[in-house]
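Colleague: Please take a close look at the aromatic ring pairs in this model. Then work outward to the helix packing.

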Amino acid sequence: MILHLTQCLSSIDLEVIHEELAELPFYDGKETAGRAARKVKNNQQADNIAATGVLKLIEKRLLDHELFQFAARPKQFVRLMLSSYQAGMAYGTHVDEALIADQRTDISFTVFLSTKDSYEGGELVLEDSSGERSWKLDAGDVLIYPSTYLHRVNTVENGERLVVVGWVTSKIRDASQRELAFDIELALREEFDLHGKTAQYDRLSKIRNNLLRQWVES
């Protein structure tokens, strides 16, 4: 499941983040890439210790976002990184590592920090059996997708693409089960909002809870 979450970060959040970004040291992004990814990775990354405040703020906003919770069922954040793509930079086709710091990566996400009209190029392109789809979202928006996808970042032609990328270990390991749990959750809430606690709501609630008992890893 690919999910676009709008305005996870407020304008005030973005203002605070950009103020902190001005003071952060950046280094060659190849330093955190795997052996093969180093061949295609060309960006810069902020020092994670220096960027702790920014990354913790983004973690909190994601955990507070209801749809992120329903879609990801997060057990833990594996890692977040703040990346900058200047003109001429790109990240070629790759798949994210299955284990980062010995933690399983089930879900990848990109938090967009630059307004989409402030740079040209730099689209995030996801590949699956149906082909390719490109994404370029506005500042404060988030794209989440299974870590199993091949993906790339197209070359930035001008301007600067600022993003935070991260990975989640989910309480529901299987992507198809996560999507079903997400759909059932939305259906359950829609039924309650439209009709209240009906017999249909109770049936959906029974399905949701009993499936979660089977699927969720504590």
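Modeller: The ring pairs come first, then the charges over rings, then the helices.

Two ground rules. This is a predicted model, in which local features need pLDDT of at least 70 and side-chain atom pairs count only at pLDDT 80 or more, while totals for chains, interfaces and linings use all residues. Residues are numbered from 1 along each chain as its sequence is written, and side-chain values use heavy atoms, with hydrogens and water left out.

Now the rings. Rings of Phe, Tyr and Trp (its six-membered ring) pair if their centres lie within 6.5 Å; planes under 30 degrees apart count as stacked, over 60 as edge-to-face and the rest as tilted. That rule gives 4 aromatic pairs. Take Phe68 and Phe77: the ring centres are 6.2 Å apart and the planes meet at 15°, so this pair is stacked. Phe68 and Phe77 are each buried (under 20% relative accessible area; exposed is over 50%, partly exposed in between, with a 1.4 Å probe and protein chains only).

Phe68 also pairs with Phe109. Here the geometry is edge-to-face, with 6.2 Å from centre to centre and 90° between the planes. This pair links distant parts of the chain. Phe68 sits in helix H3 (residues 66-72) and Phe109 in strand E9 (residues 107-112), 41 residues apart. Helices (H or I, at least four residues) and strands (E, at least two) are DSSP runs, numbered from the N terminus. Phe109 is buried, as is Phe68. Through these ring pairs, Phe68, Phe77 and Phe109 form a cluster.

Phe77 has a further neighbour to note. Glu59, in helix H2 (residues 52-63), touches Phe77 and Leu80, leaving aside residues up to four places away in sequence. Contact means heavy atoms within 4.5 Å. Glu59 has 18% relative accessibility, so Glu59 counts as buried.

Two other rings carry a charge over the face. The test is NZ of Lys or CZ of Arg within 6 Å of the ring centre and within 35 degrees of the ring normal. Lys136 lies over Tyr119, 4.3 Å from the ring centre. Arg161 lies over Tyr85, 5.1 Å from the ring centre.

Next, the helix of Glu59. H2 packs with helix H1 (residues 11-21) at an angle of about 160°, the axes 10 Å apart. Axes are lines fitted to C-alpha atoms, for helices over the stretch in contact, and angles run from 0 to 180 degrees between N-to-C directions. H1 and H2 are therefore roughly antiparallel (over 145 degrees; under 35 is roughly parallel, 65 to 115 roughly perpendicular, the rest oblique). Their crossing is left-handed: the near helix is turned anticlockwise from the far one by less than a right angle. Asp13, Ile17 and Glu20 of H1 meet Gly53, Val54, Leu57, Ile58 and Arg61 of H2.

A second helix pair follows. Helix H4 (residues 175-195) and helix H5 (residues 199-215) pack at about 155°, with axes 10 Å apart. H4 and H5 are therefore roughly antiparallel too. H4 passes H5 in a left-handed crossing. Residues in contact include Leu180, Ile184, Leu188 and Phe192 of H4 and Tyr201, Leu204, Leu211 and Trp215 of H5.

Last, Val216, in the segment after H5. Val216 touches Lys171 and Ile172, not counting residues up to four places away in sequence. At 34% relative accessibility, Val216 counts as partly exposed.
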